[in-house]
Number of protein chains: 2
Amino acid sequence: MAKKINKQIDNSTEEKIKEAARKLFTKKGFAAVKTRDIAEEAGINLALLNYYFRSKEKLFDIIMAEAMQQFIQGVALIFNDEKTSVDQKLEGVVENYIDMLTHYPDLPFFVLNEIRTHPEKMAAKMEAIIQPARSTFFKQIHEMMIAKKKEPIHTLHLMANMMGLIVFPFIGAPLLKKINNVNDKQFIELMRERKKLIPIWIKGMIMAM
Amino acid sequence: MAKKINKQIDNSTEEKIKEAARKLFTKKGFAAVKTRDIAEEAGINLALLNYYFRSKEKLFDIIMAEAMQQFIQGVALIFNDEKTSVDQKLEGVVENYIDMLTHYPDLPFFVLNEIRTHPEKMAAKMEAIIQPARSTFFKQIHEMMIAKKKEPIHTLHLMANMMGLIVFPFIGAPLLKKINNVNDKQFIELMRERKKLIPIWIKGMIMAM
DNA sequence: AATTATTTTAATCAAATGATTAAAATATTG
DNA sequence: CAATATTTTAATCATTTGATTAAAATAATT
C-alpha cells in the first residue's frame, strides 16, 4: 500500500509500463489499447499496471500530460525570448519542432485528437499553450507588417500556417510518402530540407499582402 | 436472410444507422464507439445493426470508404482538367476543399488516422488518391518553375504545403480557436478568407526559390 | 538471520460489449 | 384475405476487459 516515496532513477517497472503505454497510446489512442496489451508490451503482469497507476485512465492522463508538455516545450522559450529577432525565432522554432517530430512523429495526432475529443478536460492545460502563443513573436510580426504598411494577417492564419507547414507533413506522412514514392530515409531528408524552406515561405507570406 | 435487392430511396432504417455510425465514428474513432451507442443514436434496436451490416467492422468499412471517397472527390476532377490553368486549378481545389471541410470538419482526422493506423488495409484504396495526385497540375507547376529557372520544389513539399494550409486549420481548430479567442462564426469567416489567401501563398512559395 | 516492507504473480470478479436467436410485428404479394 | 416475406424487438450468449484480491517472491532493514 505504501507506494514509493523517492522516485529515484526509476528505470524500473513503473517506467517500463509508462514506456509501453506511451508507445501504444500514441499509436492507437486510448480506447483501442487494452491494459493487457500494455502489460505484455512492458513485459509485466496486468495487476502491476493497476498497482502502480491505479487505473487505465490515470495512466493515460500521465502519458497525455507529458505528451502535451513535449508538444509545447521549447516553443515557449523561443517565442518568449525578447532578445532574438523574428528571423531567429522563426528558424529556432522550425528547427526545434521538426527535430522533435522526427523523433516522435505520432505526437501531434495524439495531442490534437485529445484536444478535439475532450476539449473541456484540456481547457485548463491549454493555458500553458496560450501563454507562449501570445508572446512577443507575434507582436513583433505584427509591428513588422504595420511598419511595412502591409495588411496585417490575423494571428490565427499565421499560427495555422506555421503549424500546418511544420506539423502536417508528419500527420499526413503515410499518405504523402505513398503518393510520392518516398521512403523513410528520403522523408527524413525532406523534413530536414523544410527547416530551411519553411522560414522562407513564412516570411514570404508575411510580406505577400 | 434475403436482404434487400433494390436500394430504392433508402431514407430508411439502414440509412439512419449509417448516419448515426458516421457521426459517431468520425467524432470518436472505431474503438471508442459502442454498437449500442450507434443503435441509440439511430433510434433503433441493437440487433438491427447486425442484421443490416453483419458486424461493427463491416459498418465501419462502409463509412470509411465513403469518407475516403469524399476526401479525395473533387480534387481528382479539378487536378485532371487539362484545360484550366495552374491558377484556376489552385483556386478551384482550395475553394472546393475548404467548403467541404467546413461542412465535415472531422473528415481529415478520421481518414488520416485510418491511413496511419492501418496502412496495409488502405494501400489498395490509396491508388484512387495516387492517380489524381500525379496529375497534370503538378506537371504544370514543375514546367512553370523550370521555365522561370526556379529551383523546382519536391512534389512532396508542394502537396504537404497545400494540404497543410488547407487541412490543418480544421485538424487544429479547437486549439487554434481557443488560443486566438475565436468563436465558431469567426472561424468560418477566417476559413472563407483563406480561400483567397492560400492560392496567393502557394504561388509565393513556388516563386520564392 | 529474522523481521518487515516492497514487488510481482496467478486467479478471479463484475461489468461491458459484439453478436446471435427465436419470436413478434409489419409490410408485400398472390 | 390468406400466405409469404421483410423488418423489428427482447432476451440471451460468449468474450473481452478493467480491476481486485490474496498469496508468493524478492528486497531492505535491524
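Trainee: How far is a phosphate oxygen of DNA strand D from an N or O atom in the side chain of N50(A)?
Mentor: This is a predicted model, where local features need pLDDT of at least 70, side-chain atom pairs count only at pLDDT 80 or more, and totals for chains, interfaces and linings use all residues; side-chain values use heavy atoms, with hydrogens and water left out. Residues are numbered from 1 along each chain as its sequence is written, while chains are lettered from A and ligands numbered from 1 in the order in which they are written. A polar contact is a pair of N or O atoms within 3.5 Å; within protein, one must be able to donate a hydrogen and the other to accept it, and residues adjacent in sequence count only if both atoms are side-chain atoms. For N50(A) and DNA strand D, the distance is 3.5 Å.

Trainee: Which residue has a polar side-chain atom 2.8 Å from a base nitrogen of DNA strand D?
Mentor: K34(A) is not the one: its side-chain N or O atom is 3.3 Å from a phosphate oxygen of DNA strand D. The base nitrogen lies 2.8 Å from a polar side-chain atom of R36(A).

Trainee: How many residues surround DNA strand D?
Mentor: A residue is near a strand if one of its heavy atoms lies within 4 Å of it. The closest to DNA strand D are K34(A), T35(A), R36(A), K56(A) and Y52(B). Of the strand D atoms within 4 Å of the protein, 55% belong to sugar or phosphate and the rest to bases. The number of surrounding residues is 19.

Trainee: Which element gives the largest share of the surface near DNA strand D?
Mentor: Helices are DSSP runs (H or I, at least four residues), numbered from the N terminus. Helix 2 (35-42), helix 3 and helix 4 of chain A each supply at least two residues, as does helix 3 of chain B. The largest share is four residues, and it comes from helix 3 of chain B.

Trainee: Which residue has a side-chain N or O atom 2.9 Å from a phosphate oxygen of DNA strand C?
Mentor: N45(A) uses a polar backbone atom, 3.2 Å from a phosphate oxygen of strand C. N50(B) uses its side chain, at 3.4 Å. The 2.9 Å distance belongs to Y52(A).

Trainee: How many charged residues does the surface near DNA strand C have?
Mentor: Asp, Glu, Lys and Arg count as charged; Ala, Val, Leu, Ile, Met, Phe, Trp, Tyr, Cys and Pro as nonpolar; the others, Gly among them, as polar. This surface has eight nonpolar and five polar residues. Its charged residues number six.

Trainee: What area do domain 1 and domain 2 of chain A bury between them?
Mentor: The domain assignment, automatic or from a database, gives domain 1 (13-63) and domain 2 (73-208). Buried area is the accessible area (1.4 Å probe) that two parts lose on being put together, summed over both. Carbon and sulfur atoms carry 64% of it. The total is about 500 Å².

Trainee: Which residue forms a salt bridge with D61(A)?
Mentor: A salt bridge is a side-chain nitrogen of Lys or Arg within 4 Å of a carboxyl oxygen of Asp or Glu. The rule finds one across the interface of domain 1 and domain 2 of chain A. For D61(A), the closest N and O atoms are 3.1 Å apart, and the partner is K121(A).
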